[in-house]
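Colleague: I have the model open and want to go through it with you. Shall we start with the charged pairs?

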Amino acid sequence: VSSSAYTPLTGDYFIVRQGIEGQEFAECLWGTASAVPMILSFMVRSSLTGSFGCCIANGAYTYGYSFLYTIPVANVWTLISVILPPPTAGTWVTSVSAGMYIQWGLGIGTTYAQTPGAWGSFTAPIGVTGEVNVVATNGATFDLTSVDLKAGSTYYPYVGRSLSDDLILCQRYFEKSYDLATVPGTVNFYGVVENVFQASSMTVIGCAFSFKVRKRQNGATLVIYSPNTGAANKAYESYLSGADITPTVRTAGEMGSSMYISFPVQNGGGTQFHWTASSEL
């Protein structure tokens with residue numbers, strides 16, 4: 001929902017963006033003479049009508065393709081299905097890194113708008129010339145669902161997945177120790193990671209934790225939260241001081257990580273903490 005009537009400046013852009021790993025469409029051979037087309041479909045509705053824009057960019061944002069699509073009736077779901085012609089140029093990675101970005105424009109300045117209908121080299125292919133600027137109308141809405149991208153040029157109806165299947169796919173990119181509906185940073189002790197030691201000669205405590213789903217790559221961004229205060233980059237020392245302590249977090253592997261905390265006194269102790277791990281594109 002647009003919260004004001006804003007006219008995008010030359011260098012502004014407002015988009016809904018989806019990144020896709022290069023390995024997910026490597027068989028399409030984009031960037032070569034053997035490239036094959038892909039078909040993009042989605043359901044969309046808006047309180048506005050007219051020509052809206054969508055832009056495809058490579059992971060490096062140096063090559064792109066854009067098109068306009070029409071929403072003919074306000075507040076009614078419309079199926080859009082577009083064949084993306086195969087690009088025989090441009091750099092398209094085939095690894096776990098971002099190989100492609102799909103971007104639906106909500107308001108694009110002239111710096112980032114490109115002419116629709118042809119592949120080309122651009123400094124930053126983000127939006128489309130002539131698209132409706134949703135943000136220019138106060139209270140305007142834009143809804144998007146059932147996005148589907150397949151190799152080939154034949155449209156097949158979107159097939160949904162169960163919540164459990166979707167969750168596993170999402171956790172490849174982001175995972176948390178909190179319950180599913182709990183926002184990170186919430187004061188909450190459900191599902192905390194806890195570690196206790198009793199030896200009075202120890203001043204350092206370490207703790208390892210595992211991910212439920214293997215991450216896209218190692219080096220996920222980790223944030224530790226105190227369950228007692230919700231503070232980020234803090235663990236809760238629950239046995240002695242009852243205070244938050246700053247942990248040292250090690251670099252994450254694909255399946256987990258570890259951290260340690262130094263204590264000011266040799267009296268044993270223990271920690272409780274929540275965590276999030278982000279490996280998003």
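Colleague: How many salt bridges does a search of the whole structure find?
Modeller: Keep in mind that this is a predicted model. The search covers the whole structure, and the count of salt bridges is six.

Colleague: Take Asp148 and Lys150, whose side chains meet in a salt bridge. Which of the two is buried?
Modeller: Their N to O distance is 2.1 Å. Buried means under 20% relative accessible area. Lys150 has 27%, so Lys150 counts as partly exposed. At 14%, the buried partner is Asp148.

Colleague: Lys215 and Glu175 also meet in a salt bridge. How many residues apart in sequence are the parts this pair ties together?
Modeller: The N to O distance here is 2.6 Å. Both Lys215 and Glu175 are buried. Lys215 lies in the loop between β13 and β14 and Glu175 in strand β11, so the parts tied together are apart in sequence by 40 residues.

Colleague: Which residue forms a salt bridge with Glu254?
Modeller: Glu254 lies in the loop between β17 and β18, and its partner in the loop between β13 and β14, so this pair too ties together parts 40 residues apart in sequence. Glu254 is partly exposed, at 31%. The partner is partly exposed as well, at 46%. The closest N and O atoms are 3.1 Å apart, and the partner is Arg214.

Colleague: On to the strands. In the open sheet of three strands, which are the edge strands?
Modeller: The order is β13-β18-β17, with antiparallel pairing. Two bridges join β17 to β18. One bridge partner pair there is Thr248 and Tyr260. An edge strand pairs on one side only, and that picks out β13 (204–210) and β17 (248–249).

Colleague: Is β3 mostly covered or mostly open, and how many of its nine residues are buried?
Modeller: β3 runs antiparallel to β4, joined by eight bridges. β3 also pairs with β6 in the antiparallel sense, over five bridges. β3 is mostly covered, and its buried residues number seven.

Colleague: Which residue in the turn between β3 and β4 has a positive phi?
Modeller: The two strands form a hairpin with four residues between them. Within the pairing, Ala57 has Gly64 as its bridge partner in β4. The phi in question is about 55°, and the residue is Tyr61.

Colleague: Now the largest nonpolar core. Which strand supplies the largest share of this core?
Modeller: The core has 32 residues, and those with the most contacts inside it are Trp30, Phe67, Tyr69 and Met100. β2, β3, β4, β5 and β6 each supply at least two residues. The largest share is five residues, and it comes from β4.

Colleague: How many residues are in the second, separate core?
Modeller: Nonpolar side chains tend to be buried together in soluble globular proteins. The second core includes Ile205, Phe211, Ala235 and Ala252. Its residue count is 16.

Colleague: One nonpolar patch is on the surface. What is the relative accessible area of Leu180?
Modeller: The patch is made by Leu163, Leu167 and Leu180, and covers about 310 Å². Leu180 is found in the loop between β11 and β12. Exposed means over 50%. Leu180 therefore counts as exposed, with a relative accessible area of 58%.

Technical notes
Residues numbered from 1 in each chain as written. Predicted model: local features only at pLDDT ≥ 70, side-chain atom pairs only at ≥ 80, totals over all residues. Heavy atoms only, no water. Core = buried A, V, L, I, M, F, W, Y, C linked by side-chain atoms within 4.5 Å. Buried < 20%, exposed > 50% of the residue type's maximum accessible area, 1.4 Å probe, protein only. Patch = residues over 30% accessible without salt bridge, like charges linked within 9 Å, V, L, I, M, F, W, Y side chains within 5 Å. Areas by Shrake-Rupley, 256 points an atom, 1.4 Å probe, with all protein chains shown as cover. Salt bridge = Lys/Arg side-chain N within 4 Å of Asp/Glu carboxyl O. Pairing = 2+ DSSP bridges.
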